Amino acid sequence: MKFSQAHPHELRRSKPGETPALRMIAWEITRSCNLSCVHCRAAAQYGPYPNEFTTRECFDLIDEVVSFSNPVIILTGGEPLMREDIFEVARYGTDKGLRMVMATNGTLITPENAKKMVDAGIQRISVSIDGKDAEHHDAFRKVEGAFEGSLQGIRYAKEAGMEFQINTTITRLNLDQLDDILKLALDIGAAAIHIFLLVPTGRGKELEAQEISPEDYEKTLNWFYDQHETYPIEFKATCAPHYHRIIRQRAKKEGKPVTFETFGLDAVTKGCLGGSAFCFISHLGQVQPCGYLELNCGNVRETPFSEIWRTSQVFLNLRDEDLYKGKCGICEYRRVCGGCRARAYEAAGDYLAEEPYCIYEPKRVQDALKGEAP
């Protein structure tokens, strides 16, 4: 999930030995959810889940965050609207100067809580749409009426003046629907469309056979680049770090500069931000590089969050691209791409291993092959 509107000069790379600035946190403020989506990272159910943060603990965590950083806070789940105090927490973060946003399935949005979102200072919501119509989306979400529920929630949010984006997880089930989903996002007035390439964790493991092939992965990201050039809407590819390589390859061929003005945040950030500008906090306080890479880097109930961010060995390793292995370790794009560390971990049991879904051969490999040719 990407919501950042940070100025590009704030996104400079950290110097060797310098702790990078924390720019974004995905906070699983509850694992409870009213849906049972087939790709769910958390395998979330209705709940309630024991030992989730109290309101006071939420406030304390926000105080700790602002003591050393000023990130975007993504209130996610589960379904964050299932927390009765969600607007209190959002308001507290807003009053502390944080940009508060929310990831919701949209089905629980009403005219009343849409207004509460705005009053709490939530600046954008994301709503997942994974099919072009009710038939396809509801099959993905495993709840009849989910498609219309999400669209109705979006309508209520729009009426309240809330900006929204559409998130779409791409699998073989909807690969042929991307043009239609994009058209839907444009028609309903989305500020952005963010595509997510499936990472098979949680219930998503059940969809492993529905992962698109590495070749389709490449084609999809090139399609996404073409749409970025065509439509006046924000485009972001998530769990798809190869897109940062593709941007530079395509732009070079077209003689275009890769700058904030031409490609937005994609020009000034790298593909995989886990542990270097972004992290995930679970409903129990466990800190991870991202929601899909379930490595325990510390718990905010036991260790100050600032200390975890500064000293976690996993984070320190992820920040050093020279530690990456296989072809990722020798790739000339490793500092702008980085490969999906969660997908590497699922495939090889090593979060520093090469990205298994990349078909690009690094220049060093290409040069070596040319040298062996007769």
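This note walks through a predicted model, from the whole chain down to single residues.

1. **Overall make-up.** The protein has 374 residues, and 57% of them are buried. Its secondary structure comes to 14 helices and nine strands.

2. **Surface and long-range contacts.** About 16,000 Å² of the protein is exposed. Carbon and sulfur atoms supply 50% of that area. Consider next the contacts between residues at least 6 apart in sequence: 70% of these join residues at least 24 apart.

3. **Helix α1, length.** Helix α1 covers residues 55-66, which is 12 residues. At 1.5 Å a residue, the expected span is 16 Å. The end C-alpha atoms of α1 lie 17 Å apart, which agrees.

4. **Helix α1, buried face.** Which residues of α1 are buried? They are C58, F59, L61, I62 and V65. Seen down the helix axis, the buried residues fall within an arc of 160°, so they line one face of α1. The cover over these buried residues includes three strands and two helices to look for in the model: β1 (24-28), β2 (72-76) and β8 (278-281), along with α2 (86-95) and α10 (305-311).

5. **Strand β6, cover.** Strand β6 runs over residues 192-197 and is mostly covered. Six of its six residues are buried. A192, H194 and F196 point one way from the strand. I193, I195 and L197 point the other way. Both sets are buried.

6. **Strand β6, pairing.** In what sense do β5 and β6 pair, parallel or antiparallel? Strand β5 (residues 163-170) pairs with β6 in the parallel sense, over six bridges. To find one of the bridges, start at T168: its partner in β6 is I195.

7. **R343, a buried arginine.** R343 sits in helix α13, residues 341-348. Is R343 buried or exposed? Its relative accessible area is 3%, and the cut-off for buried is under 20%, so R343 counts as buried. A polar atom of the R343 side chain lies 3.2 Å from the backbone oxygen of L197. L197 is itself one of the buried residues of β6.

8. **R343, surroundings.** Leave aside neighbours within four places in sequence. R343 is then in contact with L197, L198 and V199, with E211, Y217 and C239, and with E355, P356 and Y357.

9. **N113, in helix α3.** N113 is found in helix α3. Its relative accessibility is 13%, so N113 counts as buried. Which backbone atom lies 2.7 Å from a polar atom of the N113 side chain? It is the backbone nitrogen of T110. Not counting residues up to four places away in sequence, N113 touches L81, F87 and L108.

10. **A120, in the loop after α3.** A120 lies in the loop between α3 (111-119) and β4 (124-128). Though in a loop, A120 is buried, with a relative accessible area of 2%. A120 and F87 are 33 residues apart in sequence, yet their C-alpha atoms are 5.7 Å apart in space. Beyond neighbours within four places in sequence, A120 is in contact with F87, A90, R91 and T94.

11. **Links between the points.** F87 comes up twice: N113 touches F87, and A120 is in contact with F87. L197 also comes up twice. L197 belongs to the buried residues of β6, and its backbone oxygen lies 3.2 Å from a polar side-chain atom of R343. Viewing F87 and L197 with these partners is a simple way into the model.

Terms used:
Residues are numbered from 1 along each chain as its sequence is written. This is a predicted model: local features need pLDDT of at least 70, side-chain atom pairs count only at pLDDT 80 or more; totals for chains, interfaces and linings use all residues. Side-chain values use heavy atoms; hydrogens and water are left out. Helices (H or I, at least four residues) and strands (E, at least two) are DSSP runs, numbered from the N terminus. Buried means under 20% relative accessible area, exposed over 50%, partly exposed in between (1.4 Å probe, protein chains only). A polar contact is a pair of N or O atoms within 3.5 Å; within protein, one must be able to donate a hydrogen and the other to accept it, and residues adjacent in sequence count only if both atoms are side-chain atoms. Contact means heavy atoms within 4.5 Å. Accessible areas come from the Shrake-Rupley method with a 1.4 Å probe; for residues, only the protein chains shown count as cover. The expected span of a helix is 1.5 Å times one less than its number of residues. The arc is that of the directions from the helix axis to the C-beta atoms. Two strands pair if DSSP finds at least two bridges between them.
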